[in-house]
Amino acid sequence: MGRPLRVLFVEDSEDDLQLAPGDRLLLYTDGITELPDPQGRAFGEERLLAFLERRPGQPLQALCDDLLAELRAFAAAGEPRDDITILALDWHGAPRPGPLA
């Protein structure tokens, strides 16, 4: 099932983040958490966290596709007011020194 979910919400930080092999990193713009539904309520960090907790170990492409579908359903065909950008990666560790294959 993978490692337990560890979530850090960081805004404009210059701090270093240490990743361990098996960690997953999801970077996103505020257009995701600020996306409004038809009543004007934001998608929010809690809803994003709940979405991620329901999908431990899901392949990244499927995770991003499902998140975009969730956002479209939440906005109920409304147009986003801001950009929606997602960058997701699974960290497998630093490369070993040596020649490139």
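The accessible surface of this chain comes to about 7,700 Å². Carbon and sulfur atoms account for 53% of that area. Keep in mind that this is a predicted model. Of the 101 residues in the chain, 22% are buried.

Now the layout. The chain has three helices and two strands. Read along the sequence, they follow the pattern β-α-α-α-β. Next, the contacts between residues at least 6 apart in sequence. Of these, 65% join residues at least 24 apart.

Let's go to helix α2, residues 44-53. Which of its residues are buried? They are Gly44, Leu48, Phe51 and Leu52. These residues cover an arc of only 120 degrees around the axis, so they sit on the same side of α2. The general background is simple. An α-helix has 3.6 residues a turn, so residues three or four places apart point the same way.

What do the buried residues of α2 pack against? There are three elements to look at. They are β1, at 24-28, α1, at 30-33, and α3, at 60-75.

Next, the aromatic rings. How many aromatic pairs are there? The count comes to one. The partners are Phe43 and Phe74. Their ring centres lie 5.1 Å apart and their planes meet at 85 degrees. Planes over 60 degrees apart count as edge-to-face, so that is what this pair is.

Look at where the two rings come from. Phe43 is in the loop between α1 and α2, and Phe74 is in helix α3. They are 31 residues apart, so to speak distant parts of the chain, and the pair links them. Both partners can be checked for burial. Phe43 is buried, with a relative accessible area of 2%. Phe74 is buried too, with a relative accessible area of 14%. The cut-off for buried is under 20%.

Phe43 has another neighbour to point out. Arg47 lies over the face of the Phe43 ring, at 5.7 Å from the ring centre.

Stay in that loop. Asp37 is also placed between α1 and α2. Is Asp37 buried or exposed? Asp37 is buried, with a relative accessible area of 9%. Its side chain reaches backbone nitrogens. One is the backbone nitrogen of Gln39, at 2.9 Å. Another is the backbone nitrogen of Arg41, which lies 2.9 Å from a polar atom of the Asp37 side chain.

What does Asp37 touch farther along the chain? Leave aside the neighbours within four places in sequence. Asp37 is then in contact with Phe74 and Ala75. Phe74 is the helix α3 partner in the aromatic pair.

Ala42 belongs to the loop between α1 and α2 as well. At 40% relative accessibility, Ala42 counts as partly exposed. Set aside neighbours within four places again. The contacts of Ala42 are then Thr33, Glu34, Leu35, Pro36, Arg47 and Phe74. Arg47 is the residue over the Phe43 ring. Ala42 and Ile32 are 10 residues apart along the chain, and their C-alpha atoms are separated by 8.7 Å.

One more aspartate. Asp23 is found in the segment before β1. Asp23 is buried, with a relative accessible area of 8%. A polar atom of the Asp23 side chain lies 2.8 Å from the backbone nitrogen of Ala20.

Now two loop positions, each paired with a residue elsewhere in the sequence. Start with Pro56, in the loop between α2 and α3. At 42% relative accessibility, Pro56 counts as partly exposed. How many residues separate Pro56 and Arg24 in sequence? The answer is 32, with 9.9 Å between them in space, C-alpha to C-alpha.

Then Glu79. Glu79 lies in the loop between α3 and β2, and that strand is 86-90. At 69% relative accessibility, Glu79 counts as exposed. Its partner here is Asp37, 42 residues away along the chain. The two C-alpha atoms are separated by 9.9 Å. Asp37, remember, is buried, whereas Glu79 is exposed.

To close, come back to the loop between α1 and α2. Phe43 sits there. So does Asp37. So does Ala42. Phe43 pairs with Phe74 edge-to-face. Asp37 is in contact with Phe74, and Ala42 is in contact with Phe74.

Definitions and conventions:
Residues are numbered from 1 along each chain as its sequence is written. This is a predicted model: local features need pLDDT of at least 70, side-chain atom pairs count only at pLDDT 80 or more; totals for chains, interfaces and linings use all residues. Side-chain values use heavy atoms; hydrogens and water are left out. Buried means under 20% relative accessible area, exposed over 50%, partly exposed in between (1.4 Å probe, protein chains only). Helices (H or I, at least four residues) and strands (E, at least two) are DSSP runs, numbered from the N terminus. The arc is that of the directions from the helix axis to the C-beta atoms. Contact means heavy atoms within 4.5 Å. Rings of Phe, Tyr and Trp (its six-membered ring) pair if their centres lie within 6.5 Å; planes under 30 degrees apart count as stacked, over 60 as edge-to-face and the rest as tilted. A charge sits over a ring if NZ of Lys or CZ of Arg is within 6 Å of the ring centre and within 35 degrees of the ring normal. A polar contact is a pair of N or O atoms within 3.5 Å; within protein, one must be able to donate a hydrogen and the other to accept it, and residues adjacent in sequence count only if both atoms are side-chain atoms. Accessible areas come from the Shrake-Rupley method with a 1.4 Å probe; for residues, only the protein chains shown count as cover.
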